[in-house]
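Let's take a walk through this structure together. Keep the 3D view open and follow along.

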Amino acid sequence: MSIQTTMKALSDPTRREILKMLKKGRLSAGEIEGRFDISFPAISRHLSVLKDADLVRDERDGKNVYYSLNTSVLEEVLAWLEALKGDGND
């Protein structure tokens, strides 16, 4: 996954809020949608962008799709940002 795709996904405040919610554990698409005052198709699109950026994983369980945080991508972004910041001697 490219850093550009990840940063684009992280640029939206709704998507950042979804990631914060998933930090506490997996949630169904319906549970996520219920916490926002926007349409289900809009939430579905946000989840799709997060999934395309590999920031979330989805898992089907019966009729529900559950989403969970993929922390490995976030760790890669943090490592990249830390390297970009450097120690001031570069």
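Start on the outside: Ile3, Met7, Leu78, Trp80, Leu81 and Leu84 make a nonpolar surface patch of about 550 Å². Such a patch joins nonpolar side chains (Val, Leu, Ile, Met, Phe, Trp, Tyr) within 5 Å, using residues with over 30% relative accessible area and no salt bridge. A salt bridge here is a side-chain nitrogen of Lys or Arg within 4 Å of a carboxyl oxygen of Asp or Glu, and the areas come from the Shrake-Rupley method with a 1.4 Å probe.

By the way, this is a predicted model, where local features need pLDDT of at least 70 and side-chain atom pairs count only at pLDDT 80 or more, while totals for chains, interfaces and linings use all residues. Residues are numbered from 1 along each chain, and side-chain values use heavy atoms, leaving out hydrogens and water.

Who builds the patch? Helices α1 and α5 (71-85) each supply at least two residues, and α5 gives the most, with 4. Helices are DSSP runs of H or I with at least four residues, and strands are runs of E with at least two. Ile3 sits in α1 and counts as partly exposed because its relative accessibility is 34%; buried means under 20%, exposed over 50%, and partly exposed in between.

Now look at helix α2 (residues 13-22), where Arg15, Ile18, Leu19, Met21 and Leu22 are buried. They cover an arc of only 160° around the axis, so they lie on the same side of α2; the arc is taken from the directions from the axis to the C-beta atoms. On the other side, Pro13 and Lys20 are exposed.

Technical notes:
Buried < 20%, exposed > 50% of the residue type's maximum accessible area, 1.4 Å probe, protein only. Patch = residues over 30% accessible without salt bridge, like charges linked within 9 Å, V, L, I, M, F, W, Y side chains within 5 Å.
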